[in-house]
Amino acid sequence: MGEQRLGDVIDDHCIKCRRITNHSIVSLVSGQAAKVRCRTCYHDHDYRHEQAPPSKKDLKRAELEAQAELAAQNGQPVEEPPGGDKNTKAKSEHA
Ligand SMILES: [Zn+2]
């Protein structure tokens, strides 16, 4: 075993089906699956070793946490600086 070939059917996580489904190998790199096609919805994607990608919710939460952490490190609350007139003027001129 070990060697994979084009057209072999392997399990992988399909982001469209949102679960592990059968995939056909459509691209190989050094004998390993690089790209696969879901046999359920025919969506092509990089082989992700059966790992589900982080959901948008998770990404958003991680982003917010990172921002909060950064603000805490700087010791500053996240606030708009005063005198933001310039920005609004530029926007209205553009519109
Ligand atoms: Zn699918």
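Me: How are the strands of the open sheet ordered, and is the pairing parallel or antiparallel?

Reply: The order is β1-β2-β3-β4, in an open sheet of 4 strands with antiparallel pairing. Strands are DSSP runs (E, at least two residues), numbered from the N terminus. Two strands pair if DSSP finds at least two bridges between them.

Me: Which strands stand at the edges?

Reply: β1 and β4. Each has a single partner strand, so one side of each lacks a neighbour in the sheet. On average, neighbouring strands are turned by 50° against each other, direction ignored. Axes there are lines fitted to C-alpha atoms, for helices over the stretch in contact, and angles run from 0 to 180 degrees between N-to-C directions.

Me: Where does this model come from?

Reply: The model is predicted: local features need pLDDT of at least 70, side-chain atom pairs count only at pLDDT 80 or more, and totals for chains, interfaces and linings use all residues. Residues are numbered from 1 along each chain as its sequence is written, and side-chain values use heavy atoms, with hydrogens and water left out.

Me: How many bridges do β2 and β3 pair over?

Reply: They pair over 6 bridges, in the antiparallel sense. Leu28 stands opposite Ala33 in β3.

Me: Now the metal. Which residues are the protein donors of the zinc ion?

Reply: Cys14, Cys17, Cys38 and Cys41, each through SG, lying 2.2 to 2.4 Å from the zinc ion. Donors are N, O and S atoms within 2.8 Å of the metal (3.2 Å for Na, K and Ca); water is not among the atoms, so sites may look incomplete.

Me: Why is the arrangement called tetrahedral?

Reply: Because the 4 donor atoms subtend angles of 103 to 115° around the zinc ion. Four donors count as tetrahedral if all angles lie between 85 and 135 degrees.

Me: What is the spacing of the donor residues in sequence?

Reply: C-x2-C-x20-C-x2-C. Cys14 lies in strand β1 and Cys41 in the loop between β3 and β4, so the pair ties together parts that are 27 residues apart in sequence.

Me: Are Cys14 and Cys41 buried or exposed?

Reply: Cys14 is buried, at 0% relative accessible area. Cys41 is partly exposed, at 31%. Buried means under 20% relative accessible area, exposed over 50%, partly exposed in between (1.4 Å probe, protein chains only).

Me: What about His23 – which side chain does it make a polar contact with?

Reply: The side chain of His45, at 3.0 Å. A polar contact is a pair of N or O atoms within 3.5 Å; within protein, one must be able to donate a hydrogen and the other to accept it, and residues adjacent in sequence count only if both atoms are side-chain atoms. His23 is found in strand β2 and is buried, at 0%.

How values were computed:
Tetrahedral: all angles 85-135°; square planar, octahedral: opposite > 155°, others 65-115°.
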